[in-house]
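Let's take a walk through this fold. Have the model open and follow along.

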Amino acid sequence: ACGVSEPPASSPSVSPRASAPASPTSDAPSSPPSTQPQGRQSSPDGQRPHPARKVPPAPDEFVRLRDVDASIIEDMRYATPHNFTGRPVPGYHEPMCVLTRPLAEALHRAQQQLRGQGYGLKVYDCYRPQRAVDRFVAWASDGDQRMKREFYPDADKSRLFADGWLAERSGHSRGSSVDLTLVRLPAAAQRDYVPGQPLTPCTAPQDRRASDNSVDMATGYDCFDSLSHTDDPRVTGAARQNRDRLRDALTSVGLENYSAEWWHYNLTQEPYPDQYFDFPVDSAAFR
Ligand SMILES: C[C@@H](N)C(=O)N[C@H](C)C(=O)O
Ligand SMILES: [Zn+2]
C-alpha cells in the first residue's frame, strides 16, 4: 500500500450465513475430544467441547456481533483455510465475529440504514487475537506461497507489513477494526472454498474470482494490490458506487476507512485505544 496513509490509529452452495468449516487451528491442544460438556471450553471447530482448553473471559466491552445484530452476515475467513496464509489462523477457535460493543452497535445502525436500500453488511474479520497477528508476522518471512496467486499475485509477501497491507499492532486486536463488505439482499448462496482448488487473482473480474456473494468491489477481500486502494481511479461504475455506498453508511455511524483497503474500517472513538488483546475467539469467553 505504498503512498497511502497508515491505518487509522484509532460445486455445492452454502447458506449465505455460513462460513466454511474451520479445521483445527495450529494452537489447538492435541488431546482427544471429550463427549462431556466442559463449560468454558470448546473445540477448535466449535462443534464439540474440548477437554483441555481453558478460555479466559472476554473483557467487559467485548461482545459477539450476533448478540447485537444477528442479521449481519459473518464469513470469517481467518477461521478457515480461505485466507492469504492458506490455513486457519491461531486464535480463531470459531468462525464468529467478536468486537467492542460500540463498534458492534455502530454496525447495527449502519445495517438498519443499508437494509432500507436493499443491502446488508457481511464481515470477514473482527477482533483479531495478537497471536494471529504474530502468525502473520512469521508467515511473511517463511517460504510458503500457496495462496500468492489469489491474494498477492503481484506483491512480494515479505513486503506486506512494510507496505501497509498488514499491521504488527492492529486495530483489530483492540477490537475496534472490522473488515467488511456489502451484500445485495436477499443474500445469494456462495460456493465453499475447497483447499487445493484452482486459484484466480483477486484483481480479476468478479465472475472469475473466488466465489463470494458480496457485491463487486473491483477486487476480492484481502487483495494486496493497489486496485484495493479505496479511491483508486481505475475503479468506476458499479464497483465505485458499491465502495462509496459502504463508506457513506459506515462514516455516518462513526467509522473511518483505511485508504489502502476498501474493506478495513476503524471506530473513531475506541474504548481501548492502547490495548492489544489476545483472548481467543471462542464462545466460551462469553459465558
Ligand atoms: C490483513 C487485512 N485484513 C488488515 O486488516 N490489514 C490492516 C492493515 C491490519 O492488519 O490492521
Ligand atoms: Zn482489517
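What follows starts at the sheet and then moves to two of the helices. Keep in mind that this is a predicted model.

Start with the sheet. It is an open one built from 5 strands, and reading across it gives the order E3-E5-E6-E9-E8, with mixed pairing. Strand E3 (73-74) and strand E8 (255-257) sit at the edges; each has a single partner strand, so one side of each has no neighbour in the sheet. Zoom in on the E3 edge: E3 pairs with strand E5 (residues 119-125) in the parallel sense, over 2 bridges. If you want a residue to look for, take Glu74, whose bridge partner in E5 is Val123.

Now for what lies across those strands. Helix H2 (residues 101-115) lies across E5, strand E6 (177-184), E8 and strand E9 (264-267), and runs at about 145° to E5.

Next, helix H5 (residues 237-251). With 15 residues at 1.5 Å a residue, H5 should span 21 Å, and its end C-alpha atoms are indeed 21 Å apart, so the two agree. Which residues of H5 are buried? They are Asn242, Arg243, Leu246, Ala249 and Leu250. Look down the axis of H5 and these buried residues fall within an arc of 135°, which means they line one face of the helix. On the other side of H5, Gly237 and Asp248 are exposed.

And what covers that buried face? The cover over the buried residues of H5 includes H2, E6, E8 and E9. That brings us back to familiar elements: E6, E8 and E9 are among the strands that H2 lies across, and they belong to the sheet where we began.

How values were computed
Residues numbered from 1 in each chain as written. Chains lettered and ligands numbered in written order. Predicted model: local features only at pLDDT ≥ 70, side-chain atom pairs only at ≥ 80, totals over all residues. Pairing = 2+ DSSP bridges. Helix = DSSP H or I, 4+ residues; strand = E, 2+ residues; numbered from the N terminus. Contact = placed C-beta atoms within 7 Å. Axes fitted to C-alpha atoms, helices over the stretch in contact; angles between N-to-C directions. Expected span 1.5 Å × (residues − 1). Buried ≥ 20, exposed ≤ 12 C-beta atoms within 10 Å, placed from the backbone. Arc of directions from axis to C-beta.
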